[in-house]
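Open the model in your viewer and keep the selection panel within reach. The tour below goes from stop to stop, saying what to select and what is there.

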Amino acid sequence: MKIVATVALLHLCLYATAVVSGSAETVVTAAPGDIALFPCYTVGNVTPTLTSWMRNGREVISGPSAAAAAQRLTVLHDGSLNIQGVKPGDEGRYLCNSSLPDGNSFQAAVLLQVASGPENLVISVRPATALSNGTLITFRGSTVTFNCSSSSYPSQQLTWAFSGSSSRNDSLHSTSGSWLDFRIEDIQPSAQGVYSCMAHNTVSHQLVNKSTQLLVYYAPDRHPDCMWAPAQDPTQVLFHCTWFGAYPTPTLCWGEDQGDQGAQCKGSVNATGVTDSLSVMMNRSQLSEGQTLRCVAQHVALAAGKEKSCWLTLKSPFPEGEPLISALEATSVTLTCTEVKSTPPANTTWRKGIQQEDIVPGSKYVVSQEGPVLKLTIHNISKDDEGAYFCRSENALAVRVLEVYLTVRTSSAYTGAIIGVFIAALIVGSAIIIAKTVYSSRHRLCLGLQMEEDRGDVLSLVESDDEQIFQDTVPQLPPLTNGRHTTLVQIHRIPSSDHEDAETADTSPQQQEDSVQTEEPVDLVTF
């Protein structure tokens, strides 16, 4: 409970007059339950004989009056008005009229305003999670609602204000009611800062402020980047994992992939840190063919089981190329080697000889690279350049070597080879022609052989311009002493049509008989 009294007694005195014709007004503000004291100032030490107090034109009390327990308003001996436990109904304009012993009167005016609050100021931000220090967090893309409420009499002004990294005390929304809310859709990191709700009593001008800090957490949608970097020792490799763009700083973990169980950040491969860039150095004893190393990014903005990750599957080098190369003396030749399968990428070099000595590039040896293809060009080749060359590929897992043997030939060697090829082709061609000739004359050769063996069997054919050969059923003769079958072949002349009549006429029966009698087998064909 407070005691509210006017301290501007001098002000009242200056405006007091002996004749009631008006007075200056003093404003007094009290809260409900307070004690209000309104002095009615008198000049000097003179005590008024009678003092009356009016409120809004109606007399409420006069006195001096004795204080009573049930009476809230009393007039003191100096004419002051004392109000116990001010209530909202006590507000109004009070007029003091004091009568002095010398017959003069004194007047003073007081305006009483009853005001309370602001009080019970409450703010809420949803959805948000409170940290141990009271700071609220939300996630990027959320729709966040801000609410503020307070009680104040007779009226108040509520205002939401924002103070961030790029602005200070910006008024967002304001109202004269008892509560105020607004919302931010698809909240972004730029909305991160301090939010304040201010309640201002428009009568008492009392101001109450309450603030909260809101942090906007976010994580990038992309996966981390897994990289590697060579070390000075070829048996070691530096694996590097980065995941920028997250707030607050994420937790990165290098581990060995365990299939369905994901990456396990323990054992021989174990590196964890609260950072957006994590590196781990590993040597050949920790690595194996087909091993998968995974970097997992963990963040509070990611739901459980939705961690982002990247991985590397390790592979040994495997250089590929032609193992046998030949070249002509005094010319140039290029040896090629391709290596594309290794992870991390292998370091590939050309070496010479059984001892695998390093090749020093110069006018004789020119080493060039086109993507994954490493080339070794040898100029002005001589017999000294003949031998084994090695394409050596090495990464942190293993060393692999491709052996290429170079053969140097002289020009005479090539000439002899060409002549040899020509002679061989000539022999093969001749054999083919002879074989084809023999095959096409096979029937004639076979018939000739049979006639050589049986010279006694003769076949005589009589040619004629006008002859037709009739071949009747040929009788089969009995086998001869040599075991072969002999066939009788009879050949008859058929007269032509031009001479048929004349020959018929000239032929006598006797001649026909002689002709018949003289016909006999003349040819024997042995099969």
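Is alanine 115 buried or exposed? Alanine 115 counts as buried because its relative accessibility is 5%, where buried means under 20% relative accessible area, exposed over 50% and partly exposed in between, with a 1.4 Å probe and protein chains only.

Two notes before going on. The model is predicted, so local features need pLDDT of at least 70 and side-chain atom pairs count only at pLDDT 80 or more, while totals for chains, interfaces and linings use all residues. Residues are numbered from 1 along each chain as its sequence is written, and side-chain values use heavy atoms, with hydrogens and water left out.

**Whole chain**

Show the protein chain as a cartoon. It has five helices and 36 strands; these are DSSP runs numbered from the N terminus, helices being H or I with at least four residues and strands E with at least two. Of its 527 residues, 32% count as buried. Now switch to a surface: the chain exposes about 31,600 Å², and carbon and sulfur atoms supply 53% of that. Accessible areas come from the Shrake-Rupley method with a 1.4 Å probe, and for residues only the protein chains shown count as cover. Among contacts with a separation of 6 or more, 64% are between residues 24 or more positions apart; contact means heavy atoms within 4.5 Å.

**Stop 1: strand 9 and its partners**

Select residues 105-114, which are strand 9. Nine of the 10 residues of strand 9 are buried, so this strand is largely enclosed by the rest of the structure. Add strand 8, residues 92-99: eight bridges join strand 8 to strand 9, and the two run antiparallel. Strands count as paired if DSSP finds at least two bridges between them. One bridge links tyrosine 94 to valine 110 in strand 9. Strand 8 and strand 9 form a hairpin with five residues between them, and glycine 103 in the turn has a positive phi of about 90 degrees.

Next add strand 2, residues 25-30. Strand 2 pairs with strand 9 in the parallel sense over six bridges, and valine 28 has leucine 112 of strand 9 as its bridge partner.

**Stop 2: two loops**

Go back to alanine 115, which sits in the loop between strand 9 and strand 10. Leaving aside neighbours within four places in sequence, its contacts include Thr29, Ala30, Ala31, Pro32 and Tyr153. Glutamate 91 is 24 residues from alanine 115 along the chain, and their C-alpha atoms are separated by 9.2 Å.

Then select aspartate 34, in the loop between strand 2 and strand 3 (35-38). Aspartate 34 counts as buried, at 5% relative accessibility. A polar atom of the aspartate 34 side chain lies 2.9 Å from the backbone nitrogen of alanine 31.

**Stop 3: a three-stranded sheet**

Select strand 10 (116-126) and strand 16 (179-184), together with strand 13 (residues 144-153). They make an open sheet in the order 10-13-16, with antiparallel pairing. Strand 10 and strand 16 stand at the edges with a single partner strand each, so one side of each is left without a neighbour in the sheet. Strand 10 and strand 13 pair over seven bridges; in one of these strands, strand 13, serine 151 is the bridge partner of glutamate 119.

Serine 142 is in the loop between strand 12 (136-139) and strand 13. Serine 142 is buried, with a relative accessible area of 19%. Leaving aside neighbours within four places in sequence, serine 142 is in contact with Ile184, Glu185, Asp186 and Ile187.

**Stop 4: the largest nonpolar core**

Which residues have the most contacts inside the largest nonpolar core? Select Phe239, Trp243, Trp254, Met282, Leu287 and Leu293; the core has 24 residues. A nonpolar core is a set of buried Ala, Val, Leu, Ile, Met, Phe, Trp, Tyr and Cys residues joined through side-chain atoms within 4.5 Å. Strands that each supply at least two residues of this core include strand 20 (236-242) and strand 24 (277-283).

Strand 24 has a covered face of Leu278, Val280 and Met282, and an uncovered one of Ser277, Ser279, Met281 and Asn283. Strand 20 and strand 24 pair in the antiparallel sense over seven bridges, and leucine 238 has methionine 281 as its bridge partner.

**Stop 5: proline 323**

Finish at proline 323, in the loop between strand 26 and strand 27 (324-328). Proline 323 counts as partly exposed, at 43% relative accessibility. Not counting residues up to four places away in sequence, proline 323 touches Glu403, Val404 and Tyr405.

Note on methods. A polar contact is a pair of N or O atoms within 3.5 Å; within protein, one must be able to donate a hydrogen and the other to accept it, and residues adjacent in sequence count only if both atoms are side-chain atoms.
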